[in-house]
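Please open the model in your viewer and keep the sequence panel beside it, so that each selection can be followed in both places. The tour begins at a single residue and widens from there.

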Amino acid sequence: MVVIPAATGEMGIVPSHVPTVAQMIPGMVSVFTGEKVEKYFVSSGYTFIHPDRTDVCAAEAVKVSLSCTVDPARFFFHQP
């Protein structure tokens, strides 16, 4: 399963999902593989959803460690 920050709200994508194109806003993309979760901060972009795969095309993406103590959004946008 993949969860993306779509412009219309957080969107969960599972195998055999209906084909869709979704615009992304700044936020976290979560990729679930069994018990493992990988998180990425994306600045913006599009997600192309196919029945057998999901393509995430982000302007910028940064892998986030689970032990990360910095808010990626504040870091990316340089807010105090």
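Select phenylalanine 32 to begin, in a model that is predicted, and you will find this residue in strand β4, which covers residues 27–33. Is phenylalanine 32 buried, exposed or partly exposed? With a relative accessible area of 33%, phenylalanine 32 is partly exposed, because a residue counts as buried under 20% and as exposed over 50%.

Keep phenylalanine 32 selected and add Met1 and Val14, since together Met1, Val14 and Phe32 form a nonpolar patch on the surface. The accessible area of these three residues together is about 250 Å².

Next, move to the loop between β2 (9–13) and β3 (20–24), and select serine 16 there. This serine 16 has a phi near 70°, which is a positive value in a residue other than glycine. The relative accessibility of serine 16 is 64%, so serine 16 counts as exposed.

Now select the whole protein chain and colour it by secondary structure, which comes to one helix and eight strands. Following the protein chain along the sequence, you will read the pattern β-β-β-β-β-β-β-β-α.

With the protein chain still selected, switch to a surface view: about 5,400 Å² is exposed, and carbon and sulfur atoms supply 60% of that area. Of the 80 residues in the protein chain, 26% are buried. As a last step, consider the contacts in the protein chain with a separation of 6 or more, of which 36% come from residues 24 or more positions apart.

Terms used:
Residues numbered from 1 in each chain as written. Predicted model: local features only at pLDDT ≥ 70, side-chain atom pairs only at ≥ 80, totals over all residues. Heavy atoms only, no water. Patch = residues over 30% accessible without salt bridge, like charges linked within 9 Å, V, L, I, M, F, W, Y side chains within 5 Å. Areas by Shrake-Rupley, 256 points an atom, 1.4 Å probe, with all protein chains shown as cover. Salt bridge = Lys/Arg side-chain N within 4 Å of Asp/Glu carboxyl O. Helix = DSSP H or I, 4+ residues; strand = E, 2+ residues; numbered from the N terminus. Buried < 20%, exposed > 50% of the residue type's maximum accessible area, 1.4 Å probe, protein only. Contact = heavy atoms within 4.5 Å.
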